[in-house]
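Welcome to the tour! Open your viewer, keep the selection tool handy, and follow the stops below.

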Amino acid sequence: MLGQEKPGGLVRSLVAIYIMVVYSLGALEQGKRYDFFCNDSQDIFNAEYVSEDNTRYFVKLSNLVTSVPIEKALVRHIQESNPTDLDKKNGFVFTGLVGAIFATGRLVDFAGFAPTFSLSLQRQLVAGISAIVRIDALRFQREKMSLTLLSVLPGVEYSSHYSFASFTSAMGLVLGGAYTHGITDTTTIRALIPAAVSYLALRRNLTGQMLFILSISVAYFHDKLNPLILPGILAGVEYRL
């Protein structure tokens with residue numbers, strides 16, 4: 001009959017209406033402020049949504065900047081900003097790692113590797129760049145002889161905006177000093193020496209505030225008698241405070 005819609009056409013119309021409703025509920029509204037939680041640890045809070053294309057969101061961070069892009073591939077969660085919660089987002093990131101540093105040179109005859117623990121605290125300075133303070137502890141041991149190194153290392157970290165298989169990468173360099181404590185059959189040695197660590201970190205999101213980290217590093221200890229260049233691998237978690 002004229003004016004009577006076929007069942008198939010009615011179903012298609014209902015599906016189209018449903019899709020439009022779902023899209024409108026999930027779409028970002030121009031002029032509103034949102035928090036963007038990203039896989040590369042560079043979360044962006046209280047950003048004003050401007051527009052988007054197929055691969056990027058464009059947001060406004062201040063009145064002085066028209067808009068900046070955020071790669072959609074990096075964004076794992078978006079929520080509307082709550083002005084009352086802004087003071088709680090301090091931007092600090094705490095990291096704990098465990099693993100091993102491998103012996104090189106003369107240390108190979110002493111011990112093959114040293115169990116290693118690393119704690120660090122970092123905070124973003126500008127987009128992609130963070131300040132970091134790192135504390136490393138490692139210990140080589142063979143029977144009654146041992147070599148312990150405790151390092152305090154401030155430095156910087158650069159986070160890449162590229163991701164692969166849900167992992168994002170970062171590179172860091174920290175420079176400072178190490179307290180060394182060596183025990184042999186005949187003597188005990190204590191000293192403060194320069195130290196440095198360069199590293200590549202791979203991150204993958206676990207929850208809203210926690211990420212898994214795999215870190216490949218090279219540590220340098222400037223002992224005048226036996227300078228040490230020690231590769232290592234560590235894994236652990238990063239927690240956003």
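Are Phe 36 and Tyr 57 buried or exposed? Select both and take a look: Phe 36 and Tyr 57 are both buried. Before you go on, please keep in mind that this is a predicted model.

**Stop 1: aromatic pairs**

There are two aromatic pairs to find in this structure. Begin by selecting Tyr 34 and Tyr 49, whose rings meet edge-to-face, with 6.4 Å from centre to centre and 85 degrees between the planes. Tyr 34 belongs to strand β1 (residues 33-38) and Tyr 49 to strand β2 (residues 44-52), so this pair ties together parts that are 15 residues apart in sequence. Tyr 34 and Tyr 49 are buried.

Now go back to Phe 36 and Tyr 57. Their rings form a tilted aromatic pair, 5.6 Å centre to centre, with 55 degrees between the planes. Phe 36 is in strand β1 and Tyr 57 is in strand β3 (residues 56-60), so here the parts tied together are 21 residues apart in sequence.

**Stop 2: charges over rings**

Stay with Tyr 57 and add Lys 72 to your selection. The charged end of Lys 72 sits over the Tyr 57 ring, 5.0 Å from the ring's centre.

Next, select Arg 134 and Tyr 199. Here the charged end of Arg 134 sits over the ring of Tyr 199, at 5.3 Å from its centre. Keep Arg 134 on screen and add Asp 136: these two residues form a salt bridge, and their closest N and O atoms are 2.9 Å apart. How accessible are the two partners? Asp 136 has 6% relative accessibility and so counts as buried. Arg 134, at 4% relative accessibility, also counts as buried.

**Stop 3: a salt-bridge network**

How many salt bridges does the count come to? The count is seven. To see another of them, select Arg 203 and Glu 157, whose side chains meet in a salt bridge with an N to O distance of 2.8 Å. Arg 203 is in strand β11 (residues 188-205) and Glu 157 is in strand β9, so the pair ties together parts 46 residues apart in sequence.

Now add Glu 238, whose side chain meets that of Arg 203 in a salt bridge of 2.7 Å, N to O. Glu 238 lies in strand β13 while Arg 203 is in strand β11, so this pair ties together parts that are 35 residues apart in sequence. Through shared partners, the salt bridges join Glu 157, Arg 203 and Glu 238 into one network. Arg 203 and Glu 157 are buried, and Glu 238 is buried too.

**Stop 4: along strand β13**

Select Gly 236, which is also found in strand β13. Gly 236 has 15% relative accessibility and so counts as buried. Which residues is Gly 236 in contact with, leaving aside its neighbours within four places in sequence? They are Gly 96, Leu 97, Leu 211, Phe 212 and Ile 213. Try a distance label here: the C-alpha atoms of Gly 236 and Leu 211 are separated by 8.6 Å, and the two residues are 25 residues apart along the chain.

Move on to Tyr 239, another residue placed in strand β13 (residues 228-240). Its relative accessibility is 33%, so Tyr 239 counts as partly exposed.

**Stop 5: a nonpolar patch**

Tyr 239 leads to the last stop. Turn on the surface and colour the nonpolar patch, whose members include Tyr 239, Phe 94, Leu 119, Val 133, Ile 135 and Leu 150. Together, the residues of the patch have about 1,000 Å² of accessible area. Strands β7 (113-126), β8 (129-142) and β9 (145-164) each supply at least two of its residues.

Definitions and conventions. Residues numbered from 1 in each chain as written. Predicted model: local features only at pLDDT ≥ 70, side-chain atom pairs only at ≥ 80, totals over all residues. Heavy atoms only, no water. Phe/Tyr/Trp six-rings, centres within 6.5 Å; stacked < 30°, edge-to-face > 60°. Helix = DSSP H or I, 4+ residues; strand = E, 2+ residues; numbered from the N terminus. Buried < 20%, exposed > 50% of the residue type's maximum accessible area, 1.4 Å probe, protein only. Lys NZ or Arg CZ within 6 Å of the ring centre and 35° of its normal. Patch = residues over 30% accessible without salt bridge, like charges linked within 9 Å, V, L, I, M, F, W, Y side chains within 5 Å. Areas by Shrake-Rupley, 256 points an atom, 1.4 Å probe, with all protein chains shown as cover. Salt bridge = Lys/Arg side-chain N within 4 Å of Asp/Glu carboxyl O. Contact = heavy atoms within 4.5 Å.
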